[in-house]
Amino acid sequence: DHRDLHLSLRRQRQMCIRDRNSGVIYPTRTYSVGDQPCREFTQEINIGGTIQTGYGKACRMADGSWDIQ
């Protein structure tokens, strides 16, 4: 969820466990768009024993939330 992403984008990585599914989010690159701090990240998601990999970008908004792109 967004709370897990917020924590992981502030730290090195974040592990999330929901039911039997789990995932790890790794921030990979930090950059700025104007005055907004942004991060690229990689996710490894274990869904029923199968590892899926996802990629994304997120920028911190003025209100402190993350805009996931």
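**Close-up views of strands β2, β3 and β4**

**View 1. Pairing of T42 and Y55 across two strands of the predicted model.** In this predicted model, T42 stands opposite Y55 in β4. The strands involved, β3 and β4 (the latter spanning residues 50-60), run antiparallel and are joined by 10 bridges.

**View 2. The turn between β3 and β4.** A hairpin is formed by β3 and β4, with 2 residues between them, and G48, which lies in this turn, has a positive phi of about 60 degrees.

**View 3. Strands β2 and β3 side by side.** Strand β2, made up of residues 21-33, runs antiparallel to strand β3, made up of residues 36-47, and 11 bridges join the two. Within this pairing, R29 is placed opposite E40 in β3.

**View 4. The turn between β2 and β3.** Here too the strands form a hairpin, in which 2 residues separate β2 from β3, and the turn residue G34 adopts a positive phi of about 65 degrees.

**View 5. The surroundings of G54.** G54 is a residue of strand β4, and it counts as buried because its relative accessibility is 19%, the cut-off for this class being under 20%. When residues up to four places away in sequence are not counted, G54 touches F41, T42 and Q43; of these, T42 is the residue that stands opposite Y55 in β4. The C-alpha atom of G54 is separated by 9.2 Å from that of I25, although the two residues are 29 residues apart along the chain.

Technical notes
Residues numbered from 1 in each chain as written. Predicted model: local features only at pLDDT ≥ 70, side-chain atom pairs only at ≥ 80, totals over all residues. Heavy atoms only, no water. Pairing = 2+ DSSP bridges. Helix = DSSP H or I, 4+ residues; strand = E, 2+ residues; numbered from the N terminus. Buried < 20%, exposed > 50% of the residue type's maximum accessible area, 1.4 Å probe, protein only. Contact = heavy atoms within 4.5 Å.
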